[in-house]
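Student: I should like to work through this structure by question and answer. Please present it, and we shall begin with the overall fold.

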Amino acid sequence: MTLSIARTGELPGAKQRTRIQRFVGNNAFWLLLIDAVLVVLFTAVSINHTFISPANIKNLMLDSGEGLLLGIAIAFLLGAGEFDISLGSNLILASVVSGMLAQKVASAGIGVVFAVSIAAAIVSGVVVGAVNAFIVTRLKVNSLIATLAMLGVVSGVAYIVSGGTDVVGLPATLQNDFGVATLLGIPAPFLLAFLAWVIAAIVLRRTAFGLHLLAMGSSRAAAERAGLDTRRKLLLLFMAAGALAGMAGFIDITRFGATNIAGHTEDSLSAITAAVIGGTMLEGGVVSMTGLLGGVVLAVILANGLVVINVSAYYQLIVVGVILVAAVSLDQLRQSGGGPRFRAR
Amino acid sequence: MLKMRILSSYFIGGLAVLSVSALLAGCSTGTSGGGGGVSTDAATKTLRIVDIAALINDSFFITGKCGAQAAAKANNATLEFEGPTGNSATDEIKAFAAAAATNPDAMLLAPFSNTGFSTTVSSLMGKGAPVWATGQTLEPADAYGTTITDYFKAAEPLVQIIGQLSGGAGTVGLIADTTGNTTDSDRYTQLVPALEKAYPKLSVLSPQYAQNSTSTAATIAAGLIQAHPDMKVVYASSGPEAVGVAAAIKAAGVGSKVKLVSFDSSPDQITLLKSGQLAATVGQSPYETSYIGTTQVIKYLRSHAGSTSAVPATATVTSTPTMLLTSGNVNSAAAKTYQYMTSCS
């Protein structure tokens, strides 16, 4: 599912391609194919084919949750031609605020603990998103620079709020009843993230907001000339991205039963990588939700699979780098006409 | 006319730069405690000591700060605590050099990596400002002294407990922090050969690195558990790794089969210990380590009042004790002294 506004060279009268041709010509297809090949490879090589065991599939899903939420946020922002490097620190702050408030209401019962915890995480994320939007839209600072600055600011605030250390002693119900809980064998955190992905895909495909954000990414000037209130839409977009980072923060504390304030500052870069490999364009105007899923899954498959097949830590770095280059270059080759002969054109 | 304007703007700009420089210089002189290292009244004056930690938001280093602060307070000195908030040896080297430029009377250094500090250490020592390394030796050994955990002794009870938990056979997973971090690698480089010697049927895997991230540690641990059905123990070299492994074991539901043993005693780890998710962990003495270092540098300065000669570098290493904490002894008075603090109050 790649969505874009018509760009130069895609004239309305151009020869129509079939659905299959369009899908095969889409780099999300190639990415999913790489994912599938890796799954087959890791399954074949792992002892007793444990890579594909139900327990390991659960691991893969658990590992995908936070990355998928941050990936949605970054894909939407990239679609509109914006960046957010501060998502990782936003996640940290949200987890700290959420964890501290959960501690305060620990005795109030499971419902209250969950409601307060998730609401606090989302509100914290939204506030950071709103500040990002203010800097970008009102102070006219490029979003890459603005959010890079906010990465430090938000991390600093998180350290101050937490006293510079991880928040511990969170209510056990957060982990027991959500973080490690499953529904029909599917981890609850992954279900939450997947639900967000489905909603995001619908918003992108079926709503005016989705169309508008792609229009802004394709040509901000044209979108404004067409009467779009880009400033307001960017505010909503950054706030939504913040909310997603907040949800990722909530998932983090429920999964581990503690915060990890030193461990997420590079999460934005991982999310950008997943989105871009999946076909979302850095230049804006094109978002691929299927590709994003493929990109997030690729990272998770590699991180888990290389351990399952006993590849040493140093070789893992090389393998991951080579596969990422292969994934991107395959798409570049396809776009430049040097790719597989059966591509759709 | 235009030329005049340009010239006057350059003049005003230059004046502003000079004023700011003068102001900053004034500020820096004002906070340097006299500057230039040892002064003639060093026998009685309030000394200014700067403590650079590898990770200032980690409870191990915060506990070290508390020890240094207590020693400083008892000896008419002030202590400033600085360092990076993320895992970066480079950032710590920069922070150390920056702090050295403020001409403190002495410095404490808890290094991530034992190389890279030499130039600054030599410069400070040459000016009469002693540098004391805590938690790790420096290469070359150009500090005035070092206090460090006796890792060889710490490995002894670890070998014993891992042997007990595994029954002397099966697989042991090893999840470490980062490569090139000697403070971390010391926690397993002596342990692994000792384990292999004591239990030849035990297979200890090569280390996997989690970069201080709970989620990476969980991903790795989940993969290791899948890959090695005979996994008996996972050894985590520090706090965030232990939290991640505990979450992976809990999510996989293998807590009765796979035991977690770790190094360090952060509040997170103590919580895990009390809940039975962590079988044992090694508590170090960061408080004592920094207390000794601070006392020693102050003693040197007081006894060399008025001297401007270089501080002699020594390879002297003072070992500090460790204790294996288990659910059985965690609440004892002795064990309390090995549990890390999140604040000094």
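Student: What percentage of the contacts in chain A with a separation of 6 or more is accounted for by residues 24 or more positions apart?

Tutor: This is a predicted model, and the values that follow are computed from it. The count takes in contacts in chain A with a separation of 6 or more, and asks for those between residues 24 or more positions apart. Their share is 81%.

Student: How does the radius of gyration of chain A relate to the globule rule, and what is its value?

Tutor: Chain A contains 14 helices and four strands. For 345 residues the globule rule gives 20 Å, and the value for chain A is close to this, so the chain is as compact as a globular protein of that length. The C-alpha trace spans about 65 × 60 × 35 Å along its principal axes. The radius of gyration of chain A is 21 Å.

Student: Is helix α11 of chain A mostly covered or uncovered, and how many of its residues are buried?

Tutor: Helix α11 of chain A runs over residues 230-256 and has 27 residues. From first C-alpha to last it reaches 39 Å, close to the 39 Å expected at 1.5 Å a residue. Just after this helix, A:Gly257 takes a positive phi of about 70 degrees. The helix is mostly covered, and of its 27 residues the number buried is 21.

Student: A:Asn48 has a positive phi although it is not a glycine; is this residue buried or exposed?

Tutor: The phi of A:Asn48 is about 55 degrees, and the residue sits in the loop between α2 (27-45) and α3 (54-79) of chain A. A residue counts as exposed if 12 or fewer other C-beta atoms lie within 10 Å of its own. A:Asn48 has 9 such atoms, and is therefore exposed.

Student: Which loop of chain B holds B:Asn76, and is this residue buried or exposed?

Tutor: B:Asn76 is not a glycine, yet its phi is positive, at about 55 degrees. It lies in the loop between α2 (59-74) and β2 (77-82) of chain B. With 12 other C-beta atoms within 10 Å, B:Asn76 is exposed.

Student: Which residues does the cis peptide bond in chain B join?

Tutor: The omega of this bond is about -5 degrees. One partner, B:Pro140, is found in the loop between β4 (131-134) and β5 (145-149) of chain B. The bond joins B:Glu139 and B:Pro140.

Student: Against which elements do the buried residues of helix α6 of chain B pack?

Tutor: The buried residues of this helix, which covers residues 182-189, are B:Thr183, B:Asp184, B:Asp186, B:Arg187 and B:Tyr188. In chain B they pack against α5 (151-166), β6 (170-176), α7 (191-198), β9 (231-236) and β10 (259-263).

Note on methods
Residues are numbered from 1 along each chain as its sequence is written. Chains are lettered from A and ligands numbered from 1 in the order in which they are written. This is a predicted model: local features need pLDDT of at least 70, side-chain atom pairs count only at pLDDT 80 or more; totals for chains, interfaces and linings use all residues. A residue is buried if 20 or more other C-beta atoms lie within 10 Å of its own, exposed if 12 or fewer, and partly exposed in between; C-beta atoms are placed from the backbone. Helices (H or I, at least four residues) and strands (E, at least two) are DSSP runs, numbered from the N terminus. Two residues are in contact if their C-beta atoms, placed from the backbone, lie within 7 Å. The expected span of a helix is 1.5 Å times one less than its number of residues. The radius of gyration is taken over C-alpha atoms; the globule rule is 2.2 Å times the number of residues to the power 0.38.
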